[in-house]
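Colleague: Before we set anything up, could we go through this model together, beginning with its surface and then moving inward?

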Amino acid sequence: MTDKPLLIVGEDLCQQLVGRAEAFDAVQDVFAAMARGDAYNFPVIREAIGYADALYGFKSGFDRTGQVLGVKSGGYWPGNMDKGLTNHQSTVFLFDPDTGRLSALVGGNYLTAVRTAASSAVSIAHLARTDAKVLGMVGAGHQSAFQLRAAAEQRDFEKVVAWNPHPDMLPRLGAVANDIGLEFEPVTQEELGAQADVIITITSAFEPLLMKDWIKPGTHLACMGTDTKGKMEVDPALVASATLFTDEVAQSITIGETQHAIANGTLIEAQITPIGAVINGDHPGRTSAEEITLFDGTGVGLQDLAVAHVAARLAEKSGQAETTTL
């Protein structure tokens, strides 16, 4: 046991081994474990480093059920696209929970994208109306393609309507929709709310992009972009009026989409339900076809650890992981 080699799983291998199905199962399982109290996240550290306009931090946690312990280290470098790099940069460190020994180093860039998409997909699977036909996309950046592909597997969508603050980015998202056989239409924000049965927001906005009155009854929203204090994607009045679910309540009320409704007193913490409670059958989720449901996907460390653990396990099983010793 003590001489077991350290596994190294790079970005390319992660993409080969961890697809949408593997990510969905890993994220769904860890949300369920969190709701049971079998897995928990440690406090997040996220700071502006005062250089390159970068945000850097750590997300960590322990899943007793899956026997996964580790930390994701990384952040956001807004100038990376100009250098031919992904703006989000991260690495996952996995440790043996029995000994504390470092067991794997796993590339975190692709896995961050696929686990974020899996999170919204889990919410759609458990909360969206089964007859949903129109998917609304707010945001057309790098993550949006992952979101669109994962969402499209959860319902029999016929059409995608999309809005982005920079319209020139929409054709790239349209190409993804066409690739999976869905009609694509750029629309205004109001038109998006009027048409969409499911809406995914995936931006870095600090102001509401969707207002309460624009959203039709029965809509499910997955708000995936707000992960920092001050960020906001939708009207706080919409948040306060919806039936609310999240990955982790403590994170939702401090850095997630619910932070603003909490701050203005129109929402209390007890009104927010962990999505794991729905997965476990302890909460009914959607209770009517007219209900507006909203999932606040803040992004928790256990999601990263779950998909990294899958990547490491599959890489070791297939003999494709690089190995070294410390």
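Modeller: Gladly, and please keep in mind that this is a predicted model. On its surface, I45, I49, Y51, Y56 and F58 together make a nonpolar patch of about 500 Å².

Colleague: Is I49, one of the patch residues, buried, partly exposed or exposed?

Modeller: I49 lies in the loop between β3 (45–48) and β4 (55–63). Its relative accessible area is 42%, and because the partly exposed class runs between 20% and 50%, the class for I49 is partly exposed.

Colleague: Turning to the interior, which residues of the largest nonpolar core touch the most other members?

Modeller: The largest nonpolar core holds 66 residues, while a second, separate core of 25 residues includes V138, V239, V249 and I292. Within the largest core, the residues that touch the most other members are F31, L94, V106, L111 and L135.

Colleague: How does the end-to-end reach of α2 (residues 20–36) stand against the expected value, and which residue follows this helix?

Modeller: Helix α2 has 17 residues, and the distance from its first C-alpha to its last is 24 Å, close to the 24 Å expected at 1.5 Å a residue. Its buried residues include F24, V27, V30 and F31, and among the elements that cover the buried residues of α2 are β2 (39–41), α3 (109–127) and α11 (301–318). The residue that follows α2 has a positive phi, near 85 degrees, and is G37.

Colleague: How many of the residues of α3 are buried?

Modeller: The 19 residues of α3 should span 27 Å at 1.5 Å a residue, and its end C-alpha atoms are 28 Å apart, which agrees. The helix is mostly covered, and the number of buried residues among its 19 is 17.

Colleague: What is the relative accessible area of T246?

Modeller: T246 has its place in strand β15 (residues 243–246). Leaving out residues up to four places away in sequence, T246 touches S252, I272, T273, P274, I275, F295, D296 and T298. T246 is buried, and its relative accessible area is 0%.

Colleague: How far apart in space are V234 and P165, C-alpha to C-alpha?

Modeller: V234 belongs to strand β14 (residues 232–234) and is buried, with a relative accessible area of 0%. Beyond four places in sequence, its contacts include T201, L210, C223, V239 and L294. V234 and P165 are 69 residues apart in sequence, and their C-alpha to C-alpha distance in space is 14 Å.

Methods:
Residues numbered from 1 in each chain as written. Predicted model: local features only at pLDDT ≥ 70, side-chain atom pairs only at ≥ 80, totals over all residues. Heavy atoms only, no water. Patch = residues over 30% accessible without salt bridge, like charges linked within 9 Å, V, L, I, M, F, W, Y side chains within 5 Å. Areas by Shrake-Rupley, 256 points an atom, 1.4 Å probe, with all protein chains shown as cover. Salt bridge = Lys/Arg side-chain N within 4 Å of Asp/Glu carboxyl O. Helix = DSSP H or I, 4+ residues; strand = E, 2+ residues; numbered from the N terminus. Buried < 20%, exposed > 50% of the residue type's maximum accessible area, 1.4 Å probe, protein only. Core = buried A, V, L, I, M, F, W, Y, C linked by side-chain atoms within 4.5 Å. Expected span 1.5 Å × (residues − 1). Contact = heavy atoms within 4.5 Å.
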